[in-house]
Amino acid sequence: MSDVTYVRKACAYITRGTGELLVFEGPGHDGLQIPKGTLETGESPREALFREVREESGLGTLNGTQHLTTDIWTRREEPPKRYVRHFFHATVYEPRDHWHHVVTDGGEEHGAEFEFRWLQPTAVEDGEFALDLDEYVGLLPTAPGPDAVASAAD
């Protein structure tokens with residue numbers, strides 16, 4: 001087996017006052033995505049989060065940013081590649097229901113076009129997101145926890 005490559009990523013679950021989650025569709029993946037990206041040399045996960053959100057969505061101000069969890073996700077088995085993913089939750093004031101953004105950072109995604117929109121976290125269906133990015137949507141404070149679901153069933 002080859003040496004394993006680890007790539008550090010920052011992933012952003014961004015919600016607005018209505019509790020909706022920011023998602024986008026972009027080139028190169030089948031399924032919805034959230035703002036995310038690779039940490040640059042010397043950059044903390046939190047610093048990467050703010051940079052990636054600004055580059056990919058054009059949003060410049062995040063509120064109440066909170067680290068939710070970190071995992072190791074297998075991108076591929078051979079040659080082995082793993083993502084060390086740092087998931088954060090932040091809120092934003094954003095009145096637009098949808099918008100188009102072109103990445104202009106000069107990096108690998110320069111010129112990529114993303115279509116952003118909002119959806120209710122409770123409406124997320126298994127397999128709807130690319131790269132298992134929806135794996136921790138249930139940790140969002142706006143998503144009903146197992147107790148809420150159990151209470152509703154009673």
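Colour the chain by pLDDT to begin: the mean for the protein is 87, and 88% of its residues reach 70 or more. This is a predicted model, so that colouring is the place to start. Of the elements in the protein, β5 has the highest mean pLDDT, at 97, while helix α2 (residues 146-153) has the lowest, at 41. Select residues 143-154 and the colour shows pLDDT under 50 throughout; for this stretch the model has four contacts beyond four places in sequence.

**The whole chain**

Switch to a cartoon view. The protein has two helices and seven strands, and from the N terminus the order is β-β-β-α-β-β-β-β-α. Of the 154 residues, 46% are buried. Among contacts with a separation of 6 or more, 63% are between residues 24 or more positions apart.

**Stop 1: strand β1**

Select residues 5-15, which form strand β1. Eight of these 11 residues are buried, so the strand is largely enclosed by the rest of the structure. Now add residues 81-91, strand β5: β1 and β5 run parallel and are joined by 11 bridges. To find the register, look for tyrosine 6, which stands opposite arginine 82 of β5.

Next add residues 36-38, strand β3. Here the pairing with β1 is antiparallel, with three bridges. Cysteine 11 marks the place, standing opposite lysine 36 in β3.

**Stop 2: lysine 9**

Stay on β1 and show the side chain of lysine 9, which is found in this strand. What is the nearest side chain of opposite charge to lysine 9? It is glutamate 52, 7.2 Å away; lysine 9 is buried yet has no salt bridge. The side chain of lysine 9 does make a polar contact of 2.7 Å with the side chain of threonine 38. Beyond four places in sequence, the residues in contact with lysine 9 are Gly37, Thr38, Leu39, Tyr83, Val84, Arg85 and His86.

**Stop 3: arginine 51 and its acidic partners**

Select residues 45-57, helix α1, and show arginine 51 within this helix. Is arginine 51 buried or exposed? Arginine 51 is buried, with a relative accessible area of 10%. Display glutamate 43 as well: a polar contact of 2.8 Å joins its side chain to that of arginine 51. Leaving out neighbours within four places in sequence, arginine 51 is in contact with Thr38, Leu39, Glu40 and Glu43. Thr38 is thus a useful residue to keep on screen, as it is also in contact with lysine 9.

Widen the selection to Glu40, Glu43, Arg51, Glu52 and Glu55, which are linked in a network of salt bridges. Glu52 in this network is the glutamate 52 that lies 7.2 Å from lysine 9.

**Stop 4: salt bridges elsewhere**

The whole structure contains 10 salt bridges. Three further pairs can be picked out one at a time.

Start with arginine 85 and aspartate 71, whose side chains meet in a salt bridge of 2.7 Å, N to O. Arginine 85 is in strand β5 and aspartate 71 in strand β4 (residues 63-76), so the pair ties together parts that are 14 residues apart in sequence. Both ends are enclosed: arginine 85 is buried at 2% relative accessibility, and aspartate 71 is buried with a relative accessible area of 11%. Arginine 85 is also among the residues in contact with lysine 9.

Move to aspartate 97 and arginine 16, which form a salt bridge with the closest N and O atoms 2.7 Å apart. This pair links distant parts of the chain, 81 residues apart: aspartate 97 is in the loop between β5 and β6 (98-102), and arginine 16 is in the loop between β1 and β2 (21-25). Aspartate 97 counts as partly exposed at 48% relative accessibility, whereas arginine 16 counts as buried at 11%.

Finish with glutamate 25 and arginine 117. Their salt bridge has its closest N and O atoms 3.7 Å apart. Glutamate 25 lies in strand β2 and arginine 117 in strand β7 (residues 113-119), so the pair ties together parts that are 92 residues apart in sequence. Glutamate 25 is partly exposed, at 44% relative accessibility, and arginine 117 is partly exposed, at 32%.

How values were computed. Residues are numbered from 1 along each chain as its sequence is written. This is a predicted model: local features need pLDDT of at least 70, side-chain atom pairs count only at pLDDT 80 or more; totals for chains, interfaces and linings use all residues. Side-chain values use heavy atoms; hydrogens and water are left out. Buried means under 20% relative accessible area, exposed over 50%, partly exposed in between (1.4 Å probe, protein chains only). Helices (H or I, at least four residues) and strands (E, at least two) are DSSP runs, numbered from the N terminus. Two strands pair if DSSP finds at least two bridges between them. A polar contact is a pair of N or O atoms within 3.5 Å; within protein, one must be able to donate a hydrogen and the other to accept it, and residues adjacent in sequence count only if both atoms are side-chain atoms. Contact means heavy atoms within 4.5 Å. Lys and Arg count as positive and Asp and Glu as negative; His and the chain ends are not counted. A salt bridge is a side-chain nitrogen of Lys or Arg within 4 Å of a carboxyl oxygen of Asp or Glu. pLDDT is the predictor's confidence in each residue, from 0 to 100.
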